[in-house]
Amino acid sequence: MGDDKDMATEGMKDQLKGAAKQAEGRVRGTVGAATGDTSEQVKGKAQEIKGKVQQGIGKAKQRNDPNPGVDDE
C-alpha cells in the first residue's frame, strides 16, 4: 500500500469516527424535529448515513488486515 499505518488500527478509528457522526446526526435530526426545521432533519439524516458508511469502511479495513497490530508497508 505504501502506507505505514496499521489497517486494523485505522479501521477502529474509522468505526469510532463513524459512530460519532451517527450520534451527531441523530442529535441534529432531533433538534430539527423539535424546532420544525426540516432542513436540519435532512442534514442530520445525511450525517447519520455518512457515519454508517464510515463505520462499514472501518470494519472492512479491520477484516482485511493480514497482520493486525503490525504497521503495513
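Trainee: In this predicted model, what share of the contacts between residues at least 6 apart in sequence join residues at least 24 apart?

Mentor: The chain holds two helices and zero strands, and the buried residues of H2 pack against H1. Among contacts in the chain between residues at least 6 apart in sequence, the share that joins residues at least 24 apart is 75%.

Trainee: How far apart are the end C-alpha atoms of helix H1?

Mentor: Helix H1 covers residues 7–35, and at 1.5 Å a residue its 29 residues should span 42 Å. The model agrees with that expectation, since the end C-alpha atoms of H1 are apart by 41 Å.

Trainee: Which residue caps the N-terminal end of H2?

Mentor: Just after H1, Gly 36 takes a positive phi of about 75°, and helix H2 is made of residues 38–63. At the N-terminal end of H2, a side-chain oxygen lies 3.1 Å from the backbone nitrogen of Ser 39, and the residue that supplies this oxygen is Asp 37.

Trainee: Which residue forms a salt bridge with Lys 61?

Mentor: Lys 61 is partly exposed, with a relative accessible area of 23%, whereas its partner counts as buried at 12% relative accessibility. The closest N and O atoms of the pair are 2.7 Å apart. Lys 61 lies in helix H2 and the partner in helix H1, so the pair ties together parts that are 47 residues apart in sequence, and the partner is Asp 14.

Trainee: Which residue of helix H1 is paired with Glu 40?

Mentor: The closest N and O atoms of this salt bridge are 2.7 Å apart, and Glu 40 counts as partly exposed at 22% relative accessibility. Because Glu 40 lies in helix H2 and its partner in helix H1, the pair ties together parts that are twelve residues apart in sequence, and the partner is Arg 28.

Trainee: Is Lys 13, which meets Glu 10 in a salt bridge, buried or partly exposed?

Mentor: Glu 10 and Lys 13 both lie in helix H1, three residues apart, which is about one turn of the helix, and their side chains meet with an N to O distance of 3.6 Å. Glu 10 is among the buried residues of H1. Since buried requires under 20% relative accessible area, the 42% relative accessibility of Lys 13 makes this residue partly exposed.

Trainee: Which residues make the nonpolar surface patch of about 260 Å²?

Mentor: One member is found in helix H2 and counts as partly exposed at 44% relative accessibility, namely Ile 57. The full set that makes the patch is Ile 49, Val 53 and Ile 57.

Methods. Residues numbered from 1 in each chain as written. Predicted model: local features only at pLDDT ≥ 70, side-chain atom pairs only at ≥ 80, totals over all residues. Heavy atoms only, no water. Patch = residues over 30% accessible without salt bridge, like charges linked within 9 Å, V, L, I, M, F, W, Y side chains within 5 Å. Areas by Shrake-Rupley, 256 points an atom, 1.4 Å probe, with all protein chains shown as cover. Salt bridge = Lys/Arg side-chain N within 4 Å of Asp/Glu carboxyl O. Helix = DSSP H or I, 4+ residues; strand = E, 2+ residues; numbered from the N terminus. Buried < 20%, exposed > 50% of the residue type's maximum accessible area, 1.4 Å probe, protein only. Contact = heavy atoms within 4.5 Å. Expected span 1.5 Å × (residues − 1). Polar contact = N/O pair within 3.5 Å; in protein donor to acceptor, adjacent residues only side chain to side chain.
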